[in-house]
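Student: Please put the model up. I would like to go through it by question and answer.

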Amino acid sequence: MSENELLTGDEEVWPSIDAAAPSEEGGPIARKGFNYQDEIAVGFVLEMLANPQLVKIHFETHDDLVLVWDIGAPPRIAEFVQVKGSEADKLWSIADLCVRKKQAVGSSIFEKLLDRDQHDETALFRIVTLRPVVSPLRPLTYERGHEARALSCEEMVALQLDLDTRMPGVLSKRGHGTGYWLDNCLWDERHDEATVKEKNKVRLFEIMMAVGRPLLWEHLDLLLDELRKLVKSAGDAKWKPDKEKKILAREAFLLIWDACLARLKEGTSQPSGGKLAEKMNDAALTGTVVAMAIDMRLDYARFVRTARYMQPDEAEQLQGRVKSEAQTLSAKRAAGTLDLDGPAFHALCVDRMDAINNSLPPDQGDRSAFLKGCMYDIADRCLLRFDRTGL
């Protein structure tokens, strides 16, 4: 069969990627420490949140990830994603794509990806790596369909010749070869785990801003942690008997997401400041002190939700200092080295916020309101108490 020939529906019925069992389950068995891969998976879950064309994600089934796209015309697209997160110092080359384990036919990265082309869905391929590629592979980093990666381009002609020389006669079960693979493979350079995490956080912030539901910077962390648990659980599950846990459909995910947002609203962000008022009253703080605290917390929420107020890294640094100071004071109080009643402990916390503000560089401006608002937001979320309850 030639590369361009396809079996018709009358001659062969191809199973859907959603129904076909994976040929092996090595990933779920030996996936400990795959934090980088999980963070990449979180990024695609965020893409599914924002893009209704991404209708399903498989975790550790036929590949590290499988993205199922519905672009409005049949057939659907199955994008097979391999995540290479353990090769921190590798500059990827054509030889790396073609090397076979113990010389076994079909064991190279190229052959394994091409072999995924055996389902009803149109097969696309993606390789996610920490490090970039050598120059001959550079065209694969351009978006699919870009003129600079057309098969007729000089670079792609040379790349196909090299692959054909190294992998002569290799075809998928549907009759596609090197040309199809090159045309449909995207090389995705994502850098280290910390960078991917930061980009995911910014992306979630942008998504929520776009739908008119801006979130506090630290609340983004809570939601991202929920997504990490979700993808880890899906990756750890086995196709048998937990196939439904390994495939996340967008409709089901949106229900999960709405539930996460509801829990966040109920547990961490009452606009009225009801939780904060309750905690301050428990600490014998009343009247204008409580009213001002609630107002400062609301101001803080508005500040954080306004991207122009300060740079995200500055906000995160200040929030970290507030959390650290609150933890230090709470620990000393629990140990008995701070023997203070509610009003006195509250006054000490306020003084410490002023001390942090005074320690900032002059050109950073006055951040005292932000720091105190952050402190009150932490108290509203049950992470800081001014009374002695729970010590």
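Student: In which loop is Arg-131 found?

Tutor: Helices and strands are DSSP runs numbered from the N terminus, with H or I over at least four residues for a helix and E over at least two for a strand. On that assignment, Arg-131 is found in the loop between strand 4 (122-129) and helix 5 (154-166).

Student: What is the relative accessible area of Arg-131?

Tutor: This is a predicted model, in which local features need pLDDT of at least 70 and side-chain atom pairs count only at pLDDT 80 or more, while totals for chains, interfaces and linings use all residues. Residues are numbered from 1 along each chain as its sequence is written, and side-chain values use heavy atoms, with hydrogens and water left out. Buried means under 20% relative accessible area and exposed over 50%, with partly exposed in between (1.4 Å probe, protein chains only). Arg-131 is partly exposed because its relative accessible area is 29%.

Student: How far apart in space are Arg-131 and Glu-189, C-alpha to C-alpha?

Tutor: In sequence, 58 residues separate Arg-131 and Glu-189. In space, their C-alpha to C-alpha distance is 6.4 Å.

Student: How many residues of strand 4 are buried?

Tutor: Strand 4 is largely enclosed by the rest of the structure. That follows from its count of buried residues, which is seven of the eight.

Student: What is the order of the strands in the open sheet?

Tutor: Two strands pair if DSSP finds at least two bridges between them. Strand 3 and strand 4 run parallel and are joined by eight bridges, and strand 4 and strand 5 also pair in the parallel sense, over five bridges. Six strands form the open sheet with mixed pairing, in the order 5-4-3-2-1-6.

Student: Which strands stand at the edges of the sheet?

Tutor: An edge strand here has a single partner strand, so one of its sides is left without a neighbour in the sheet. This applies to strand 5 and strand 6 (247-249).

Student: Which residue of strand 5 stands opposite Val-128?

Tutor: Strand 4 supplies partners on the other pairing too: Phe-125 stands opposite Phe-80, and Thr-129 is the bridge partner of Lys-84. In strand 5, the residue opposite Val-128 is Asp-188.

Student: At what angle do helix 2 and helix 8 cross?

Tutor: Two packed helices are described by the angle between their axes and the distance between the axes. Axes are lines fitted to C-alpha atoms, for helices over the stretch in contact, and angles run from 0 to 180 degrees between N-to-C directions. The axes of helix 2 (residues 35-50) and helix 8 (residues 217-236) come within 9 Å, and they cross at roughly 110 degrees.

Student: How do the residues of the contact of helix 2 with helix 8 divide by class?

Tutor: Contact means heavy atoms within 4.5 Å, and among the residues that make it are Val-42 and Leu-46 of helix 2 and Leu-227 and Val-231 of helix 8. Ala, Val, Leu, Ile, Met, Phe, Trp, Tyr, Cys and Pro count as nonpolar, Asp, Glu, Lys and Arg as charged, and the others, Gly among them, as polar. The residues of this contact divide into seven nonpolar, one polar and four charged.

Student: Are helix 2 and helix 7 roughly parallel or roughly antiparallel to each other?

Tutor: Angles under 35 degrees count as roughly parallel, over 145 as roughly antiparallel, 65 to 115 as roughly perpendicular and the rest as oblique. Helix 2 and helix 7 (193-210) pack with their axes 9 Å apart, at an angle of about 15 degrees. They are therefore roughly parallel.

Student: Which residue has a phi near 70 degrees?

Tutor: Most residues other than glycine have a negative phi, and most peptide bonds are trans. Glu-60, which is not a glycine, has a positive phi of about 55 degrees, and at 4% relative accessibility it counts as buried. The residue with phi near 70 degrees, partly exposed with a relative accessible area of 39%, is His-191.

Student: What is omega of the peptide bond from Lys-240 to Pro-241?

Tutor: The bond from Pro-74 to Pro-75 is cis, with omega near -5 degrees, and Pro-75 is in the loop between strand 2 (65-69) and strand 3 (77-84). Pro-241, by contrast, lies in helix 9 (residues 239-246). The bond from Lys-240 to Pro-241 is cis, with omega near 15 degrees.
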